[in-house]
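Subject: Structure handover and findings

Hello,

I am passing the structure on to you with this email. My notes on it come after the coordinates.

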Amino acid sequence: MTSRRDLIIEEMELGPVWRLRGTTGGAVAESGAAEASLEPPQSIPGVKNREGEPPLVAPDTAMDTGDRATQIARMAWPELKHAVASCDACALCKTRKNTVFGVGDERADWLLVGEAPGAEEDARGEPFVGQAGRLLDNMLAAIGLQRRAGVYIANVLKCRPPGNRNPEPEEVSRCSPHLIRQIELIRPKLIVAMGRFAAQTLLHSDASIASMRGRMFEYQGVPLVVTYHPAYLLRNMPDKAKAWEDLVFARRALRSLISGAAPAH
Ligand code: SF4
């Protein structure tokens with residue numbers, strides 16, 4: 001059945017909406033990797049869909065589905081913060097200076113999700129500081145947002161991979177329950193996945209950022225858009241314009257959803 005939100009998105013030509021198939025109520029991590037593929041949008045009379053375009057197929061992803069994930073899924077904010085601060089569930093605990101839990105408005109409409117802390121974040125225990133953080137702040141300001149007002153910022157990994165290497169699948173698997181619980185507690189109206197790892201983790205997809213930009217996805221009922229990570233933009237300045245387009249796209253979608261549907265909380 002097509003929801004009012006889906007119709008609004010389609011009428012704005014922001015669709016199609018892609019959903020994870022087979023996920024239920026709780027965390028993506030608990031839904032079963034075998035079912036974690038993206039299903040195409042429903043056909044809406046009079047609305048042009050991307051017919052013929054194959055759905056993004058998620059790879060098998062070994063997520064942490066044991067007792068630990070179940071316990072994390074029941075935590076309130078204080079317990080969750082303590083769990084992250086004392087976490088030794090993967091080898092990154094041995095090399096980190098600080099855990100980087102996340103920062104911002106715990107009832108935010110916007111949730112921005114990045115990859116993992118860098119050196120400065122590790123030193124300060126806060127996500128998106130330094131040059132990339134300043135760029136992000138400027139981008140948020142350009143669409144009328146501030147990082148602590150109506151916005152929450154978190155990473156997939158809460159500890160820094162040494163030398164800023166890419167996160168390992170095992171690290172993502174072990175740390176994902178923390179992010180999943182943050183999302184459940186915040187209940188944002190929109191998620192912006194910044195960079196490949198954030199998008200791939202939340203959507204269980206191995207698709208490229210370029211192919212996911214400009215589309216509306218959904219994570220556990222929350223609209224999700226994909227854009228570049230600010231650290232990537234610092235190295236590829238011409239793509240800043242694309243990131244700007246993505247944020248404008250996200251803002252337009254959120255405004256329409258808020259004006260067209262009853263607030264979720
Ligand atoms: S990266 Fe995540 S799972 Fe690994 S030690 Fe840090 S908090 Fe724990």
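The notes below cover the ligand site, the cavities and pocket, one strand and two loop residues.

Please keep in mind that this is a predicted model. Every value below is computed from that model.

Ligand site

Where does the ligand sit? Its place is the largest cavity. The residues around the ligand are Cys87, Ala89, Cys90, Leu92, Cys93, Arg96, Lys158, Cys159, Arg174, Cys175 and His178. Sorted by class, this shell holds 7 nonpolar, 1 polar and 3 charged residues. Cysteine falls under nonpolar in this scheme, so the nonpolar count for the shell includes Cys87, Cys90, Cys93, Cys159 and Cys175. His178 falls under polar.

Cavities

Searching the whole structure gives 5 cavities of 30 Å³ or more. The largest cavity, where the ligand sits, has a volume of about 100 Å³. Its lining consists of 16 residues, and those nearest its centre are Cys87, Cys90, Cys159, Cys175 and His178. These five residues also appear in the list of residues around the ligand. Helix H6 (169–186) supplies 4 residues, the largest share of the cavity lining. By class the lining of the largest cavity comes to 9 nonpolar, 2 polar and 5 charged residues.

Pocket

The largest pocket holds about 640 Å³ of space. It is lined by 26 residues, with Glu115, His229, Ala231, Tyr232 and Arg235 nearest its centre. Two or more lining residues come from each of helix H4 (119–124), helix H5 (130–142), H7 and helix H9 (230–235). The lining of the largest pocket divides into 12 nonpolar, 8 polar and 6 charged residues.

Strand S5

Strand S5 spans residues 151–155 and is mostly covered, with 5 of its 5 residues buried. In a regular strand, side chains alternate between the two faces of the sheet. In S5, Val151, Ile153 and Asn155 point one way, while Tyr152 and Ala154 point the other way. Residues on both sides are buried.

Which strands pair with S5? Strand S3 (residues 103–104) is joined to S5 by 2 bridges, and the two run antiparallel. Strand S4 (residues 110–114) is joined to S5 by 5 bridges, and here the strands run parallel. On the S3 side, Gly104 has Tyr152 of S5 as its bridge partner. On the S4 side, Trp110 has Val151 of S5 as its bridge partner.

Two residues with positive phi

Asn164 lies in the loop between S5 and helix H6 (169–186). The phi of Asn164 is near 60 degrees, a positive value in a residue other than glycine. His204 lies in the loop between helix H7 (196–203) and helix H8 (209–212). The phi of His204 is near 50 degrees, again positive in a residue other than glycine.

Is each of these two residues buried or exposed? Asn164 has a relative accessible area of 45%, so it counts as partly exposed. His204 is at 2% relative accessibility, and therefore counts as buried. The cut-off for buried is under 20% relative accessible area, and exposed means over 50%.

Regards

Key. Residues numbered from 1 in each chain as written. Predicted model: local features only at pLDDT ≥ 70, side-chain atom pairs only at ≥ 80, totals over all residues. Heavy atoms only, no water. Near = heavy atom within 4 Å. 1 Å grid on protein atoms, 1.4 Å probe; cavity = no way out; pocket = protein on both sides within 12 Å on 5 of 7 lines; lining within 4 Å. Sits in = over half its atoms within 2 Å of the grid points. Buried < 20%, exposed > 50% of the residue type's maximum accessible area, 1.4 Å probe, protein only. Pairing = 2+ DSSP bridges. Points joined across faces, edges and corners; volume = space filled by probe spheres on them.
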